[in-house]
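Visitor: Please take me on a close look at a single part of this model. I would like to follow how its neighbours fit around it, step by step.

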Amino acid sequence: MGSEAGGGAAAIDLLRSAAPFLPDADLLLTPGTGLVLVDLVNGFCTVGAGNLAPVTPNKQIEKMVEESTRLAKVFCQRNWPVFAFLDTHHPDKPEPPFPPHCIIGSGEENFVPALEWLENDPNVTMRRKDCIDGYLASFEKDGSNVFSEWVAKFQIKTVLVVGICTDFCVLDFVSSTLAARNIGRVPPLEDVVIYSEGCATFDLPVEVARSIKGALAHPQDLMHHMGLYMAKSRGAKIVDGILEE
């Protein structure tokens, strides 16, 4: 077991070294920046809260919640715009390949305790979503897009993205938003920035995945890195620090 764990760590280091990237310069918060919170809900972040919640305390997720909460307070104190996605599902509408999660009325679909205050903050636009990609989930039946309208309303040129999971909902939202930007669907948006310390993903070690039928191993640190790597390859800026004026 010990040698297997050591070998796994070495393999992860090898993969990370094969796909390196340099972070962009720290982001200086200025007017025209909007904060996007992706799925900071109990069902993904609170220990024991559901099928996709951490089973035990997780440092990467705890750090993500801490940094996201800090930034949310900064933005709201300045009366700057915040857009919050909350993963929310109906019990009769599964989302394969994932098990049931964040079902309406379960409590899993609600903000983590540290962010419950956002529900009553006038600077916050909330959007409950029932798919991985928040940009797609922002479309209304008439073809309008709530996120695009938010960008236009507040004349946002830079969106700062934090949340969970780095390689799923964060990556998909960022990729779609960048594609929409490139064809003029989210004016006046220019930059999509991911704060690495404000993002996290889940951990499913290979030895655990082997005992779950159909499961794929998901080493947390590696997949967090790869999520950031893929986002940067799509045109996102990745920063390790946030500077305040």
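**A close look at strand β3**

Guide: Let's begin with one pair: the bridge partner of L86 in β4 is R128. Before going on, you should know that this is a predicted model, in which local features need pLDDT of at least 70 and side-chain atom pairs count only at pLDDT 80 or more, while totals for chains, interfaces and linings use all residues. Residues are numbered from 1 along each chain as its sequence is written, and side-chain values use heavy atoms, without hydrogens and water.

Back to our pair. β3 and β4 run in the parallel sense, joined by 6 bridges (strands pair when DSSP finds at least two bridges between them; a strand is a DSSP run of E of at least two residues, a helix a run of H or I of at least four, both numbered from the N terminus). β2 is also a partner of β3: 4 bridges join these parallel strands, and there V36 has F83 in β3 as its bridge partner.

With β2 and β4 as partners, what surrounds β3 itself? 6 of its 6 residues are buried, so β3 is largely enclosed by the rest of the structure (buried is under 20% relative accessible area, exposed over 50%, partly exposed in between, using a 1.4 Å probe and protein chains only). V82, A84 and L86 point one way from the strand, F83, F85 and D87 point the other way, and all are buried.

Now step off the strand into the loop between β3 and β4, where you will find T88. T88 has 8% relative accessibility, so this loop residue counts as buried too. Leaving aside neighbours within four places in sequence, T88 is in contact (heavy atoms within 4.5 Å) with C102, I104, E109, R128, K129 and D130. R128 is the residue we met as the bridge partner of L86. H101 lies 13 residues from T88 along the chain, and their C-alpha atoms are separated by 8.0 Å.

Let's widen the view. β3 belongs to an open sheet of 6 strands with parallel pairing, in the order β4-β3-β2-β5-β6-β7. β4 (124-129) and β7 (237-239) are at the edges with a single partner strand each, so one side of each has no neighbour in the sheet. From one strand to the next, the twist averages 25 degrees (axes are lines fitted to C-alpha atoms, for helices over the stretch in contact, and angles between N-to-C directions run from 0 to 180 degrees). On the way across, β2 (residues 33-38) pairs with β5 (residues 158-164) in the parallel sense over 6 bridges, and G34 stands opposite V159 in β5. Helix α3 (residues 59-77) packs on this sheet, touching β2, β3 (82-87), β4, β5 and β6 (191-200), and its direction makes about 130 degrees with that of β6.

Our last stop is A231, in helix α8. A231 is buried, with a relative accessible area of 0%. Not counting residues up to four places away in sequence, A231 touches L171, V174, L178, I194, A236 and I238. L171, V174 and L178 are among the α6 residues that meet α8, together with T166 and D167. On the α8 side, the meeting residues are M223, H224, G227, L228, M230 and A231. The axes of α6 (residues 166-182) and α8 (residues 220-233) come within 9 Å and cross at roughly 5 degrees.
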